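Welcome, and please open your viewer. We will take a short walk, one selection at a time.

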Amino acid sequence: MLTGCCWWLLSMAMPATARQQEEALPAAMENTLENETAGKEAVPEDDADWQQLNAYARHRIQLNTADAAALQSLGILTPLLVNNFLTYRRLLGNLVSIYELQAVPGFDPDIIRQMLPYVKVGDDLEPHYSWYDYLHKGDHTLLLRVGWQPEKSKGYLHTDSTLPHYAGNPLKAFVRYRYNFPRRASWGVTMEKDAGEPFLKGTQRYGFDFYSAHCFIRNRGALKALALGDYTVNMGQGLLNWQSQAYSKGAAVMQIKREGEILRPYTSAGEYYFFRGAAVTLEQGIWQTTAFVSLRRLDGHVNTTDTAADMQTATSLISSGYHRSATEMAAGGTLQQLSGGANIRCNTRRWQAGANVMYHRLTPALEKTPAPYNQFDFSGQQLLSGSIDYAAAYRNIHFFGEAALSSNGKPAIVQGLLASLAPAADMAIIYRYYDKAYQSLYAKGFGDGYRTANEQGLYMAASLKMHARLRVDGYMDIFTFPWLKYRASAPSGGKEYMAQATWSPAKTRTLVLRYIFRQGSSNEVIPDNPVKVLSEITSGSIRIIWSQQCNKQWSIRSRLSGSRYASAAGKQQGWMLAQDVGWKCRAWPLGINARIAWFFTDSYDTRLYAYESSVLYDNAVSQLYGSGWQYYINLRWKVNKRLTCWARLHQTIYSGVATIGSGWDVIEGNKKTMLQCQLIHSF
Amino acid sequence: MKQFMLTLICMQCILTLYAQPLLSPLGRDAGNYSYHFHDVYSANMHPAALPLLPGLSAGIYSERRFMLKDISLYMAMLGIPAGMGAFGLMVARFGNPLYYRQQVSGAYGHRIGHNVSTGLQFSYMSQAVQGYGTASALSVTGGTLGRLWQHVYAGLLIRYTQLLPLLYSGGVGIEASKDCLFSAGFETGGGTVTTGSVNMQYRIASRLGLRLGITTMPGYCHAGFALQLHTLHIAVGTGFHPQLGFTPSTTIIWQQQEK
């Protein structure tokens with residue numbers, strides 16, 4: 001049935017004349033993905049920013065009519081650069097040519113090169129689209145992706161007397177249909193089944209495990225945005241609610257401010273960070289107001305000792321989205337979450353300010369099993385919180401911040417500034433204070449950890465252009481955690497320093513050197529002591545990347561990564577050497593890229609994270625520990641202007657091990673393979 | 001006696017926590033790796049910076065370390081240009097009548113061409129603890145500063161003190177504009193912990209400047225602002241140590257106008 005639907009959709013598309021164009025993920029986003037994977041121990045599934053960039057590649061932003069929101073949505077420009085560009089355009093009129101970007105203060109060749117695929121200069125009039133245009137000027141895209149692991153893990157094996165732990169097969173499937181007219185209209189359906197989840201049987205008798213649909217209209221008169229179905233809400237600096245991707249500490253040292261539209265369509269496969277319902281943003285002059293309501297089900301463990309429904313409580317919320325085993329399926333959709341909120345803001349040319357409010361009601365109520373580390377976490381049925389946020393530009397300085405209060409009266413504050421101190425020097429400072437008892441379900445404020453609570457810190461960063469071909473970036477972050485946290489059984493703190501030099505001897509060659517030093521505390525087993533104690537940890541990582549576009553066909557990328565970890569228990573280290581090669585066939589619409597990597601780490605503590613090139617819109621980050629080899633090969637075949645296919649083989653071979661993984665995911669043997677196929681049809 | 005015991009305990013804490021060298025305010029040498037940020041205050045840390053002073057200059061500095069009156073630091077310095085070179089004088093006192101450390105320094109720096117300068121400083125240091133007598137030592141400091149290319153400056157300093165091993169320090173400064181300086185430095189030697197520092201100075205307006213910096217081992221931040229009133233330069237700042245707290249400081253410098 002599914003195959004039939006797909007072919008029907010494909011046949012519908014045949015008369016269309018749209019074209020498919022793919023762009024690789026920007027380096028800053030790669031680093032963000034690596035950091036988020038390291039922080040959450042799971043690869044994020046949100047590909048909205050990547051989709052947006054590719055949509056802009058087909059419908060370029062008109063620089064002479066673009067507003068601040070459109071430029072910000074690229075994810076390439078800092079608020080300082082956006083402000084510089086708008087000031088330039090206001091003072092000197094429309095750009096005559098795309099080459100004029102070089103005259104805008106702060107726009108160096110590297111930034112312009114990143115922007116070029118997504119912007120244009122030409123039609124100088126603000127287009128007025130009719131409803132017909134909304135419905136017909138966008139692109140329809142159908143994405144089909146399947147992936148599977150040939151080696152069966154323990155969860156799929158059965159014995160004579162027991163069924164497999166996982167109810168489904170190892171196939172991972174993802175289907176997405178989307179119509180997208182950037183910054184105007186979007187609608188679509190997303191379906192996903194994780195490996196191990198049943199399909200068309202058992203609890204998933206309707207097929208996929210996860211379904212999502214959305215309809216989104218933007219910039220229609222006073223109607224700034226209207227969302228029906230699944231959407232995300234991103235307010236202020238993320239203290240109250242931020243469900244999209246957000247930059248944190250990383251290679252892009254100046255990209256620390258959360259910015260962009262409050263309402264965004266949700267099209268990703270993740271099953272947690274979105275709302276389901278309706279939302280609207282209205283704009284009148286400098287005033288903008290947003291209201292939203294959502295009703296959806298969440299996964300969680302419910303305490304069923306009380307049979308009376310009103311006496312039941314949930315002991316935890318689960319964000320993984322897995323429904324493979326009987327336990328996971330029993331926890332699926334056990335909580336009902338009613339959410340609502342509003343934002344009112346005033347936007348002027350120099351400043352903007354807003355007030356936000358958010359309300360959640362969980363049924364049954366959340367009552368976590370009390371433990372010292374979680375005693376300040378949210379418990380109960382209702383959570384009401386509010387915040388105010390602002391952003392303002394004064395000369396070469398951009399200030400921003402947010403102050404939030406949760407219903408228990410505990411605050412969270414973040415204040416920052418970005419300054420362009422000289423044509424070749426930028427600086428960023430951000431201070432955050434998140435009370436140990438501050439509570440929010442979807443906060444994503446800037447910080448060392450991924451919980452917007454129990455943290456205070458000061459981050460300072462600078463970006464210096466030493467020479468036309470040499471840039472030096474660095475940051476330092478000093479932080480404290482006033483209360484217990486994961487793997488820290490006492491209040492703790494630490495600091496982190498990063499220095500990075502980027503040398504581009506030519507447009508086609510880049511060398512990146514990066515060093516990160518971190519000092520923190522963690523519970524450690526120390527010799528002759530059976531109990532873990534909080535100990536000081538120092539770690540460092542070094543990365544050297546050489547990228548070269550040899551010619552129109554060949555590109556190479558060499559990477560050396562090292563990590564060092566020192567604690568009371570001893571010192572460990574890890575290394576990875578990887579070589580990437582990309583090749584585009586001249587005669588055929590075929591592209592291949594591949595990697596081979598050797599890695600060695602003393603322990604899990606010196607594990608290395610490496611972003612991988614995968615099929616389009618698939619976030620892939622490897623977590624490497626132990627010793628062995630890893631390789632992958634990706635094939636991309638552009639059948640015609642509308643249809644592109646991908647195939648991927650990924651294998652890791654560990655040396656000196658009999659099994660890989662843990663728990664129900666353990667595999668017998670020393671090889672772990674992943675096969676993927678993807679098809680994207682645009683029409 | 002109570003005051004004496006308190007002083008000793010505080011000193012022990014400071015030394016244990018690698019707070020900072022007793023007679024060295026943090027970040028004070030940052031301006032040396034530049035063209036537009038020299039003053040007599042920074043030049044007394046690096047004798048090679050003396051000939052880069054624009055004219056006769058004098059200044060005083062005071063700080064109350066970790067807000068404790070008994071471990072205050074006072075310094076007075078003088079820079080006297082002389083042809084292609086310049087002389088520098090400095091006196092410093094740290095502590096209280098029961099425990100104190102003093103230093104008297106004389107220095108000379110000389111320009112070698114447009115881009116390089118060198119200098120030498122001789123210091124006499126003494127330390128006294130009531131009831132335990134006085135100890136003293138001589139030290140010699142020599143260094144050089146130079147412009148590497150365009151707006152990038154670097155310097156090196158070697159310090160020899162009686163009874164102590166050689167200490168090496170150095171740094172690099174990037175003058176992004178005449179109003180903005182980023183610098184990074186290190187100090188190491190004799191088996192001591194290597195200390196790194198990063199500093200930023202920025203003039204928001206012609207009369208108002210800001211300063212920010214951090215050091216490692218100890219993890220220490222400092223920040224401040226400075227006002228320029230004709231020939232007078234007034235700087236107020238504070239350092240922050242995570243365990244020991246704040247160190248407020250004030251600097252007043254008179255600088256003869258450049259002819």
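The stops below begin with one chain and then move to where two chains meet. Keep in mind that this is a predicted model.

**Stop 1: chain B by itself.** Select chain B and show it as a cartoon. You should be able to trace two helices and 14 strands. Chain B has 259 residues, and 48% of them count as buried. Now switch on the surface: chain B exposes about 12,300 Å², with carbon and sulfur atoms supplying 67% of that area. Contacts also link distant parts of the sequence: among those in chain B between residues at least 6 apart, 40% join residues at least 24 apart.

**Stop 2: the contact with chain A.** Bring chain A back into view. The contact draws 17 residues from chain B and 18 residues from chain A. Together the two chains bury about 1,400 Å² between them, and 81% of this comes from carbon and sulfur atoms.

**Stop 3: three residues to pick out.** Select F182(B), Y202(B) and I214(B) and show their side chains. These residues supply 31% of the area that chain B buries against chain A, more than any other three residues.

**Stop 4: the strands around them.** Next, color β8 (167-177), β9 (180-188), β10 (195-205) and β11 (208-215) of chain B; these are the elements that give two or more residues to the side touching chain A. What kinds of residue make up that side of chain B? The residues there divide into 12 nonpolar, five polar and no charged.

**Last stop: links across the interface.** Look between chain B and chain A for salt bridges, and the count is zero. One residue pair, with both members at pLDDT 80 or more, is in polar contact across the interface.

Key:
Residues are numbered from 1 along each chain as its sequence is written. Chains are lettered from A and ligands numbered from 1 in the order in which they are written. This is a predicted model: local features need pLDDT of at least 70, side-chain atom pairs count only at pLDDT 80 or more; totals for chains, interfaces and linings use all residues. Side-chain values use heavy atoms; hydrogens and water are left out. Contact means heavy atoms within 4.5 Å. Buried area is the accessible area (1.4 Å probe) that two parts lose on being put together, summed over both. A salt bridge is a side-chain nitrogen of Lys or Arg within 4 Å of a carboxyl oxygen of Asp or Glu. A polar contact is a pair of N or O atoms within 3.5 Å; within protein, one must be able to donate a hydrogen and the other to accept it, and residues adjacent in sequence count only if both atoms are side-chain atoms. Helices (H or I, at least four residues) and strands (E, at least two) are DSSP runs, numbered from the N terminus. Ala, Val, Leu, Ile, Met, Phe, Trp, Tyr, Cys and Pro count as nonpolar, Asp, Glu, Lys and Arg as charged, and the others, Gly among them, as polar. Buried means under 20% relative accessible area, exposed over 50%, partly exposed in between (1.4 Å probe, protein chains only). Accessible areas come from the Shrake-Rupley method with a 1.4 Å probe; for residues, only the protein chains shown count as cover.
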